[in-house]
Amino acid sequence: MRNNIIDLALFLFLAVIWSSSFLLIKISVETIPPYTLTAARLCVAAVVLWIYLAATRVKLPLNTETLIIYLVVALLGHSFPYTLIGWGETRISSSLAAILMGIMPVVVVFLAHWLIPEEPLNRTKAMGVTISFAGLLLLVGFAALSRLQQDILGQLSVLGGAICYALCTIYLRRHKPTGIRTLATGTMTVGTLISLILAFVFESPLHIQPTASSLGATLTLGLFQTALATLMFFRLIRRLGASTFSQINYLIPILGGLWGVWLLGESFSWKLFGSLALVLIGIYLVQKSNPELRKEV
């Protein structure tokens, strides 16, 4: 019971951390271009995690198998989705992007049914995912669906990013790599190298002149939304399973809305709490549908 409470607390805390990313990214990109921002936050996270490994005297495995895992997770969990979603949101509305990102938990649940024996799809889980998706629609408004005629390439780009996240979640759940600290450090290191190459190819990171606020936001993104969040991400996939963890995608835009009300003075809407209630009910049903997983962890 105690471990379940800890896992739930970490799940909610991670959703809060990731939901605040939107505000910090908005501040960062005022003077730091997107590829450079991605490289910078991954670099900060990698340095922090390397210090963590050194302090705990843990060595980073560098055999062929682990290097493949680092590369796959870096591409599917960082480089590809950051680029696809960022580009897609320059062409479509954020509300439509939020709905399209809602495909990620759906893809995870269906793939888990075929690829993860202890996470079969059943009526309770399907109901939970449906209720959570309804909570997302309530938040962004059903009118957002009318924007499906917007730029098709932008929509496909965001969908591609969502599917990357889904595949990364399934991949981590299936392989169950040992050593959360080493996995996070290796992934961040590979991700940093890839992002630096993209930054130097498409931008000029050595010639930018970032403001203090952009630098502060980027440092915060690297420390908390990337380094700390990744450690929790790897733990929770192992503890909660892919299906339950993927529901965090429905919580993030709701909590992001609450951040906007609190810090940006945006108008409050009852839809925020209504959406939150529906998503929490959906998460409960999805987790309840995995008794074998609870025995395993």
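Here is a chat between a colleague and a modeller about this structure, which is a predicted model.

Colleague: Let's start with the overall fold. How many helices and strands does the protein chain have?

Modeller: Reading from the N terminus, the elements run α-α-α-α-α-α-α-α-α-α-α-α-α-α. Nothing but α turns up in that order. The tally is 14 helices and zero strands.

Colleague: And among contacts between residues at least 6 apart in sequence, what share joins residues at least 24 apart?

Modeller: One pair gives you the flavour: Phe 245 and Val 108 are 137 residues apart along the chain, yet their C-alpha atoms are separated by 9.4 Å. Another pair is Lys 288 and Thr 124, 164 residues apart in sequence and 7.8 Å apart in space, C-alpha to C-alpha. For the contacts you ask about, the share joining residues at least 24 apart is 89%.

Colleague: How much of the chain counts as buried?

Modeller: The accessible surface comes to about 14,400 Å², and 71% of that belongs to carbon and sulfur atoms. The chain has 297 residues. The part of them that counts as buried is 48%.

Colleague: Which helix gives the most to the largest nonpolar core?

Modeller: That core has 50 residues, and those with the most contacts inside it are Phe 11, Leu 14, Leu 172 and Phe 245. As a general point, nonpolar side chains tend to be buried together in soluble globular proteins. Here the top contributor, with nine residues, is H10.

Colleague: Is there another core apart from that one, and how many residues does it have?

Modeller: The largest core is the one with 50 residues. Apart from it lies another, with Leu 100, Ile 116, Val 158 and Ala 242 among its members. The size of this other core is 14 residues.

Colleague: Back to Phe 245: is it buried or exposed?

Modeller: Phe 245 lies in helix H11, residues 242-246. Leaving out residues up to four places away in sequence, Phe 245 touches Phe 11, Leu 14, Trp 18, Phe 233, Leu 236 and Ile 237. Its relative accessible area is 2%, so Phe 245 is buried.

Colleague: What does Leu 14 contact, once you leave aside its neighbours within four places in sequence?

Modeller: Leu 14 is one of the residues with the most contacts inside the largest core. Its partners beyond those neighbours are Ala 229, Met 232, Phe 233, Leu 236, Phe 245 and Ile 248.

Colleague: Now the outside. Which element gives the largest share of the nonpolar patch?

Modeller: The patch is made of Phe 13, Val 16, Val 48, Leu 219, Leu 223, Phe 224 and Leu 228, with about 520 Å² of accessible area together. Two elements give two or more residues to it, helix H1 (2-19) and helix H10 (212-240). The largest share, four residues, comes from H10.

Colleague: Take Phe 224 from that patch: why does it count as partly exposed?

Modeller: Phe 224 is found in helix H10. Partly exposed is the range between the 20% and 50% cut-offs. Phe 224 falls in it because its relative accessible area is 42%.

Colleague: I'd worry about the cysteines on a gel. Why is there no bond between Cys 168 and Cys 164?

Modeller: A disulfide is a covalent bond between the sulfur atoms of two cysteines, and the structure holds zero of them. Cys 164 is buried at 10% relative accessible area, and Cys 168 is buried too, at 1%. The sulfur of Cys 168 is too far from its closest cysteine sulfur, in Cys 164, so no bond is counted; the distance is 8.9 Å.

Colleague: Some polar residues caught my eye. Is Ser 28 buried or exposed?

Modeller: Ser 28 is found in helix H2, residues 21-28. Not counting residues up to four places away in sequence, Ser 28 touches Leu 37, Ser 214, Ala 217, Thr 218 and Leu 221. With a relative accessible area of 0%, Ser 28 is buried.

Colleague: How far apart in space are Arg 173 and Leu 236, C-alpha to C-alpha?

Modeller: Arg 173 lies in helix H8, residues 152-175, and is buried with a relative accessible area of 1%. Along the sequence, Arg 173 and Leu 236 are 63 residues apart. In space, their C-alpha separation is 10.0 Å.

Colleague: Last one: what is the relative accessibility of Lys 288?

Modeller: Lys 288 lies in helix H13, residues 270-288. Lys 288 counts as partly exposed, and its relative accessibility is 48%.

Definitions and conventions. Residues numbered from 1 in each chain as written. Predicted model: local features only at pLDDT ≥ 70, side-chain atom pairs only at ≥ 80, totals over all residues. Heavy atoms only, no water. Patch = residues over 30% accessible without salt bridge, like charges linked within 9 Å, V, L, I, M, F, W, Y side chains within 5 Å. Areas by Shrake-Rupley, 256 points an atom, 1.4 Å probe, with all protein chains shown as cover. Salt bridge = Lys/Arg side-chain N within 4 Å of Asp/Glu carboxyl O. Buried < 20%, exposed > 50% of the residue type's maximum accessible area, 1.4 Å probe, protein only. Contact = heavy atoms within 4.5 Å. Disulfide = S-S within 2.5 Å. Core = buried A, V, L, I, M, F, W, Y, C linked by side-chain atoms within 4.5 Å.
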